[in-house]
Amino acid sequence: MFDSINAMVNYAKSGGPLRMTIATAEDTDVLLAVKKAVQQGLVEPILIGNEYKIKSMMESYAYNFQAEIIDAKNDAEACEKSVKMISQGEAQMVMKGLVQTSTFLKAVLNKEWGLRQGELLSFISMFIFADSLRKRPILMTDPAINIMPTVLEKKAIIENAVSVAQKLGVKTPNVALVCAVETVSPNMQATIDAAVLSKMNDRGQIKGCVVDGPLAFDNIISMNAAEHKGIKSPVAGNTDIIVVPYIEVGNVLYKTFNFFHVEFCAGVIAGARAPIVVTSRSDSHEVKYNSIVMASLLSKAEQKLH
């Protein structure tokens, strides 16, 4: 797996920039992230939204980069135009701008021209830790879309994350199912789901990875913690993908990592026909830029597979 932002950028810009639509682009952090992506040769942006506001912001903040601008009367129209350009082959990536995630996803999931491809969509975040505890990136899913997934939905979430990890260069990723404890408890559904998913992996129902759980968070991150507790697992302390049991756990982890522990944070939606960049409206322009890098990298990796 790529271990630095520079390595990811170099791979992502190989072969030239990708056309990317931005739904409701009238946001300073979004435009700043797009400007940096243009300067790095990653994207050719198509800014969709209130044309007057977009042009005013670009002039006020000296965002002097080349971009196509398409006017939209409202957020829903901006999302529709952005997604339709992807489904019609006019662009390769789409990014959510200053718009509610629910409005954006309504367009993405449209049955006629939407982008859904797999069993379900899931959000996958990627982190590189600033300290020496972790030497390579780690993926975490799903902190944003699936609220309380069933076992079969968690299976699909794992499969989406494994596909992303493989495109990032991890041939057989280690998947950890995080819970409060390491043992199965009939009073804790998350531990039961984790045990079922681990056995499904053993029996070949989840392929291309090694799945283990339930595992507490300290065992996932630290080999020493796992050894101290007497836990023998090929995943403990050597995790590539953290799968959370429900959205609250993922949301807290995402924001904790982002605010306290990482030098790199990015996120994309998997399970669609094209990379989808979705970040929180409160995320910095750096997180938004990093997410464009991640999406560009995944798109280029997908192209090389075919």
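**Exercise 1. Which residue's side chain does the side chain of N219 join in a polar contact, and what is the distance?**

Solution. The structure is a predicted model, and the place to begin is the position of N219, which lies in helix α8, made up of residues 217–221. The next step is to consider its surroundings: N219 has a relative accessible area of 0% and is therefore buried, as that value falls under 20%. The partner is E182, whose side chain is joined to that of N219 by a polar contact of 2.8 Å. Once neighbours within four places in sequence are left aside, the residues in contact with N219 include E182 itself, together with A225, A226, K229 and I231; A236 and G237 also belong to this set.

**Exercise 2. Determine whether the span of helix α11 agrees with its number of residues, and describe how it is placed in the structure.**

Solution. Helix α11 covers residues 285–305, which makes 21 residues, and at 1.5 Å a residue it should span 30 Å. Its end C-alpha atoms are 30 Å apart, so the expected and the computed spans agree. As for its placement, 15 of the 21 residues of α11 are buried, and the helix is therefore largely enclosed by the rest of the structure.

**Exercise 3. Decide why C209 cannot form a disulfide in this model.**

Solution. The closest cysteine sulfur to that of C209 belongs to C179 and is 16 Å away; because a disulfide requires sulfur atoms within 2.5 Å, this is too far for a bond. The count for the structure by this rule comes to 0 disulfides. With regard to accessibility, C209 is buried at a relative accessible area of 9%, and C79 likewise counts as buried, at 1%.

**Exercise 4. Establish whether I147 is buried or exposed, and which residues distant in sequence it touches.**

Solution. I147 is found in the loop between β6 (138–141) and α6 (151–167). Its relative accessible area is 56%, and because this is over 50%, I147 is exposed. Residues up to four places away in sequence are not counted in the next step, which shows that I147 touches Y246 and I247. The C-alpha atoms of I147 and P245 are separated by 9.1 Å, although these residues are 98 residues apart along the chain.

**Exercise 5. Describe the largest nonpolar core and the contacts of M294.**

Solution. The largest nonpolar core has 60 residues, and L139, I158, I292 and M294 are those with the most contacts inside it. At least three of its residues come from each of domain 1 (5–117 + 272–304) and domain 2 (122–256). Beyond four places in sequence, M294 touches, among others, I124, M126, L139 and V164. A second, separate core has 46 residues, among them V83, L115, M140 and I242.

How values were computed
Residues numbered from 1 in each chain as written. Predicted model: local features only at pLDDT ≥ 70, side-chain atom pairs only at ≥ 80, totals over all residues. Heavy atoms only, no water. Helix = DSSP H or I, 4+ residues; strand = E, 2+ residues; numbered from the N terminus. Buried < 20%, exposed > 50% of the residue type's maximum accessible area, 1.4 Å probe, protein only. Polar contact = N/O pair within 3.5 Å; in protein donor to acceptor, adjacent residues only side chain to side chain. Contact = heavy atoms within 4.5 Å. Expected span 1.5 Å × (residues − 1). Core = buried A, V, L, I, M, F, W, Y, C linked by side-chain atoms within 4.5 Å. Domains from an automatic or database assignment.
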